Amino acid sequence: MFTNDTLEGRAALITGGGSGIGLEIATAYARLGASVMLVGRNEERVQAAASAIVAEGGRALALKADVRNYDEVKAAVDATVEGFGSLDILVNNAAGNFVCPTADLSPRGWQTVIDIDLNGTFYGCHAAYSHLKESRYGGSIISIITMLGVSGWPQAAHAAAAKGGILSLSRTLAVEWGGDNIRVNTISPGPIGDTEGVQRMYIEGGRGELEQKKTALGRFGKKEDIANAAVYLASSLGAYVTGENLIVDGGRWLKYVAA
Ligand code: COA
């Protein structure tokens, strides 16, 4: 277990922080001493999430922003620094996805997912850079991707290309910004059972059992498995880790390769 001061003194901005994996990460960060800014498209949702964190004794703020809009992302970064005095951790978690055969995917459908996932991540990194450089703990960027961005993702070409792009961007920035003491890593979750995405894409479609069998461990992960990885990478425990893609997928990727 992490100690309660693992992230003491740090300020974190989490995109898509109002629900799912983003909220789980924000809640874990707050419990371990960080101040958190939750950013999302749905104002009510991010405000309610921040209030819940505050109600249990954490420090949290919320702001409505669409990661497709650079000015809104920049405003969220500035509000974090204004509210908490620094920005030490950026979690690029906001994502959009839908299943669609590529031949039927409209250019605007493609563009929409690339804008949210890949461009949104670039906007976050770019807007946060000057503040992360000033972090007294060393800045940390964590982007949530998936190994389906490496293997290819039939019926989700837009998300596959975007996630693969984020991996490449992260490795590039790890080297470019290493000298500024900014660490840049990605996390690749496998199927996380208690998320809207897995509910919608697998369980409601009757593929729940099949998708669990695809993992080496034979079961879905939990949101807290991803939050634990995000705590490790953001904290001093991961101080010498950069350019890494931490795969937290119950061995799904390895089982796929070994088959
Ligand atoms: N199949 C095919 N095309 C689709 C689609 C689907 N299921 N959903 C959206 N699109 C297309 C739209 O048709 C539109 O293209 P068009 O103008 O050529 O018709 C384009 O994508 C933009 O759609 P729109 O609904 O205007 O975008 P949005 O910004 O409101 O929504 C999405 C963003 C597309 C990512 C939407 O799926 C969404 O909000 N999903 C919920 C959040 C989510 O995906 N979370 C990730 C969990 S893993």
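In the predicted model described here, seven strands, taken as DSSP runs of E of at least two residues and numbered from the N terminus, form an open sheet with parallel pairing in the order β3-β2-β1-β4-β5-β6-β7, where two strands are said to pair if DSSP finds at least two bridges between them. Strands β3 and β7 (245-248) stand at the edges with a single partner strand each, so one side of each is left without a neighbour in the sheet. Neighbouring strands of this sheet are turned by 20 degrees against each other on average, direction ignored; the axes used for such angles are lines fitted to C-alpha atoms, for helices over the stretch in contact, and angles between N-to-C directions run from 0 to 180 degrees. Residues are numbered from 1 along each chain as its sequence is written, and side-chain values use heavy atoms, with hydrogens and water left out. Because the model is predicted, local features need pLDDT of at least 70 and side-chain atom pairs count only at pLDDT 80 or more, while totals for chains, interfaces and linings use all residues.

Within the sheet, β1 pairs with β2 in the parallel sense over 5 bridges and with β4, also in the parallel sense, over 3 bridges. Ala12 stands opposite Val36 in β2 and opposite Ile89 in β4. Strand β1 is mostly covered, since 5 of its 5 residues are buried, that is, under 20% relative accessible area, with exposed meaning over 50% and partly exposed in between, for a 1.4 Å probe and protein chains only. In a regular strand the side chains alternate between the two faces of the sheet. In β1, Ala11, Leu13 and Thr15 point one way, and Ala12 and Ile14 the other way. Further along the sheet, 6 bridges join β5 to the parallel strand β6 (residues 182-189), and Ser140 stands opposite Arg183 in β6.

The helices, which are DSSP runs of H or I of at least four residues, are considered next. Together, β1, α1 and β2 make a right-handed β-α-β unit, in which, with the strands pointing away from the viewer, the path from the first strand over the helix to the second runs clockwise. Helix α2 lies across β2 and β3 and runs at about 175 degrees to β3. Helix α4 (residues 107-132) packs on the sheet, touching β4, β5 and β6, and its direction makes about 180 degrees with that of β4.

The largest nonpolar core, a set of buried Ala, Val, Leu, Ile, Met, Phe, Trp, Tyr and Cys residues joined through side-chain atoms within 4.5 Å, has 33 residues, of which Leu7, Ile14, Ile25, Tyr29, Val36, Leu38 and Ile187 touch the most other members. The largest share of this core, 7 residues, comes from α9. Leaving aside neighbours within four places in sequence, Leu38 is in contact (heavy atoms within 4.5 Å) with residues including Ile14, Leu23, Val46, Ile53 and Leu61. Apart from this core lies another, of 23 residues, among them Val39, Ala76, Ile116 and Cys125.

Rings of Phe, Tyr and Trp (its six-membered ring) pair if their centres lie within 6.5 Å, and planes under 30 degrees apart count as stacked, over 60 as edge-to-face and the rest as tilted; by this rule the count comes to 4 aromatic pairs. The rings of Tyr129 and Trp177 have centres 4.4 Å apart and planes at 35 degrees, so the pair is tilted. Tyr129 lies in helix α4 and Trp177 in the loop between α6 (157-176) and β6, so the pair ties together parts that are 48 residues apart in sequence. Tyr129 is partly exposed, with a relative accessible area of 22%, whereas Trp177 is buried, with a relative accessible area of 11%. Ring pairs also link Tyr70, Phe122 and Tyr123 into a cluster.
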